[in-house]
Structure formats: C-alpha cells, structure tokens
Amino acid sequence: MNTSNSLLQAVVFDWAGTTVDFGSRAPILAFMALFADNKVEISIEEARAPMGLEKRDHIAAVLKMPRVADAWQQAHGTEVTVADIDRLYQDFIPYQLKTIPQCSQLIPGALEAFADIRARGAKIGSNTGYASMMIGQLVQDAADQGYVPDCIITASDVKHGRPYPEMLWKNLIELDVSDIKTVMKVDDTVVGIEEGLNAGCWTVGLAVSGNEVGLSFDEWSALSSAEQANLKEKAYAKMNASGAHYIIDSIADLPAVLEAIEQRLANGEKP
C-alpha cells in the first residue's frame with residue numbers, strides 16, 4: 001500500500017493537452033491528414049469532437065457524423081464498413097507517429113505542478129488515448145524535459161477505453177493505491193473527466209491548454225485579452241458541463257487545487 005503521509009495519494013494525468021502539447025494538436029493534425037488522404041476533408045471541429053477516445057473509436061465516431069458519412073459515401077460509392085474503420089486505424093498509426101514528436105513540449109507550469117505533487121508525497125500516474133506503439137518518442141521527449149510519471153497506461157493496455165475507468169484503475173493497481181477518494185484525475189477532455197467520475201475520484205478539467213480551445217501556446221498568447229476571454233467562456237462552459245469538481249486554465253494552476261482537495265480530505269469530504 002502507499003505509505004505516504006499525504007492525504008492525496010495519486011494524481012493521474014492525461015498526456016496531450018494536459019501535460020504536453022498545449023492545444024492538443026498532434027492528434028488533430030494526424031486525423032485531418034488521414035481523412036484528407038482518403039478523399040474526405042474534415043474540419044478541425046469534426047476532428048476534435050470525439051477527442052479523448054481510443055483512436056480507433058475516435059475514427060469510428062467521426063465517420064458516424066452525418067456530414068462525414070455522406071462525404072465518405074460520395075467519395076467511395078458505399079457506406080463506411082467495419083473493415084474501412086480497421087484499415088483507417090492501421091493507416092492512422094504512421095500519421096500519428098509523425099505528429100506526436102512535433103508536439104511533445106511540456107505545457108508551461110507542468111514541472112512546477114509535478115514538483116508540488118512530489119513534495120506532498122503523492123504519486124504521479126498517466127493514461128492516454130494513444131496506443132502504446134505510438135508514445136515511445138513522446139515518453140522519451142517528456143523525460144528529457146524532466147517529466148517521468150510513475151506509471152503510464154495506454155488505450156491499448158486495456159479492454160475498454162474512456163469513458164470506462166479501466167485505464168485509471170490500472171494506474172492505481174500499478175501505483176499500489178487503493179483508496180479512490182485520495183486520487184485526482186486531470187484531463188482536458190470531457191470523456192477524460194467522465195473516466196475520472198466513473199472511477200469515483202476527484203476530477204480537474206483543463207479548459208484552455210487542451211482540446212476545447214485547441215490553440216498552441218504561442219497562438220493563445222498572441223490573442224488579445226478580449227479574444228482570450230471569449231474562448232475561455234466557451235471552454236469553461238463545456239468543461240463545467242462535464243461535471244468536473246474543478247475547472248482551471250492549465251496544469252500551471254493545479255497547485256491551488258491540490259491544496260484545496262487536501263483540505264477537503266482533511267475535513268472528511270469525498271469526491
């Protein structure tokens with residue numbers, strides 16, 4: 001069992017848009033290129049809508065969208081089949097392998113948040129909608145920048161991806177943490193928050209750094225205050241609707257939430 005004196009025993013992070021890749025751009029670049037090369041152009045909004053799902057499920061979800069389904073039938077002369085989805089997923093892998101290393105920079109404030117967690121004696125877990133075969137370079141790039149989580153679980157390591165809590169529970173088994181009320185899940189997608197809620201832990205949604213705004217750090221920083229406020233309002237509304245216990249801009253704001261949850265645990269509260 002975890003013998004830490006910290007009330008908070010583990011924090012489990014998503015990857016893209018949460019700890020690395022401000023704007024969660026790597027999956028989007030890959031999805032849009034894949035569909036374009038298969039004669040179906042999809043918008044950024046269509047590509048982002050199922051974000052957080054395992055990647056084959058993501059492809060299937062995009063193809064279920066009425067406009068995309070119609071475009072596929074017009075381009076290929078037939079409705080999409082399970083075999084098509086299987087082929088697209090296999091074709092997707094090299095696209096994703098190409099884009100992930102292009103978007104592997106840690107999000108500003110991440111190292112400070114990790115240090116805060118370590119100082120509390122808590123463990124750091126992670127999970128992702130990426131398959132294990134996709135993340136080798138990402139994990140190395142993160143380590144080179146100082147991020148080495150205690151556990152990494154991918155969508156290909158479990159039977160059921162998000163919103164099922166199987167990846168999160170597998171993290172906790174490997175981290176040797178059994179009390180779900182002492183666990184926090186941090187994610188930039190609604191389905192990732194649902195994973196945490198389904199597991200029964202505390203959940204923290206990131207509104208700005210990930211999928212809901214979808215801009216790189218430089219693009220975000222270049223906006224006016226009014227433009228940022230408009231995008232934040234929409235992103236916060238979407239993440240608030242997920243049911244997350246806390247919503248913040250990015251991982252840089254996490255230390256205050258860690259303190260708040262530890263205080264709530266000290267008061268005997270549960271998620």
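# Close-up views of a predicted model

**View 1. Residues around the largest cavity.** The lining of the largest cavity comprises 14 residues, and Asp14, Ala16, Met51, Lys55 and Arg162 are the ones nearest its centre. The model shown here, and in every view below, is predicted. The volume of this largest cavity is about 90 Å³. In total, the structure has 2 cavities of 30 Å³ or more.

**View 2. The largest pocket and its lining.** The largest pocket encloses about 450 Å³ of space. Its lining is made up of 21 residues, with Ile28, Ile44, Arg48, Ala49 and Asn211 closest to the pocket centre. Three helices each provide at least two lining residues: α1, α2 (44–48) and α9 (190–199). Helix α1 gives the largest share of this lining, 4 residues.

**View 3. Two domains and their contact.** The protein chain splits into domain 1 (10–22 + 105–267) and domain 2 (26–102). Residues in contact number 15 from domain 1 and 15 from domain 2. Taken over C-alpha atoms, the centres of the two domains are 24 Å apart.

**View 4. The largest nonpolar core.** This core holds 69 residues. Within it, the most contacts belong to Phe13, Phe35, Ile59, Met134, Met184, Val204 and Leu254. Helix α1 (residues 25–37) contributes 6 residues, the largest share of the core. The core lies between domain 1 (10–22 + 105–267) and domain 2 (26–102), because both domains give residues to it.

**View 5. Contacts of Phe35.** Phe35 is among the residues with the most contacts inside the largest nonpolar core. Neighbours within four places in sequence are left aside here; beyond them, Phe35 is in contact with Val40, Ile42, Ile59, Val62, Leu63 and Val68. One of these partners, Ile59, also ranks among the residues with the most contacts in the core.

**View 6. A second nonpolar core.** Separate from the largest core is a second one of 14 residues. Its members include Ile153, Met167, Ala199 and Cys201.

**View 7. The Phe13–Phe114 ring pair.** The structure has 5 aromatic pairs. In one of them, the ring centres of Phe13 and Phe114 are 5.5 Å apart and the planes meet at 85°, so the pair is edge-to-face. Planes over 60 degrees apart count as edge-to-face. The pair joins distant parts of the chain: Phe13 sits in strand β1 (residues 10–13) and Phe114 in helix α6 (residues 110–119), 101 residues apart. Phe13 is buried, at 0% relative accessibility. Phe114 is also buried, at 5% relative accessibility.

**View 8. The Phe22–Phe217 ring pair.** Phe22 and Phe217 make an edge-to-face aromatic pair, with 5.3 Å from centre to centre and 75° between the planes. This pair, too, links distant parts of the chain, 195 residues apart. Phe22 belongs to the loop between β1 and α1, whereas Phe217 belongs to helix α10 (residues 217–222). Are these two rings buried or partly exposed? Phe22 has a relative accessible area of 9%, so this residue counts as buried. Phe217 has a relative accessible area of 37% and is partly exposed.

**View 9. A cluster of aromatic rings.** Which residues do ring pairs link into a cluster? The members are Phe13, Trp15, Phe114 and Tyr147. Phe13 and Phe114 form the edge-to-face pair of View 7.

Definitions and conventions: Residues are numbered from 1 along each chain as its sequence is written. This is a predicted model: local features need pLDDT of at least 70, side-chain atom pairs count only at pLDDT 80 or more; totals for chains, interfaces and linings use all residues. Side-chain values use heavy atoms; hydrogens and water are left out. A nonpolar core is a set of buried Ala, Val, Leu, Ile, Met, Phe, Trp, Tyr and Cys residues joined through side-chain atoms within 4.5 Å. Buried means under 20% relative accessible area, exposed over 50%, partly exposed in between (1.4 Å probe, protein chains only). Domain bounds come from an automatic or database domain assignment. Contact means heavy atoms within 4.5 Å. Rings of Phe, Tyr and Trp (its six-membered ring) pair if their centres lie within 6.5 Å; planes under 30 degrees apart count as stacked, over 60 as edge-to-face and the rest as tilted. On a 1 Å grid over the protein atoms alone, a cavity is a set of points where a 1.4 Å probe fits but cannot get out, and a pocket is an open set with protein on both sides within 12 Å along at least five of seven lines; lining residues have an atom within 4 Å of a point. Grid points are joined across faces, edges and corners, and a volume is the space filled by probe spheres set on the points.
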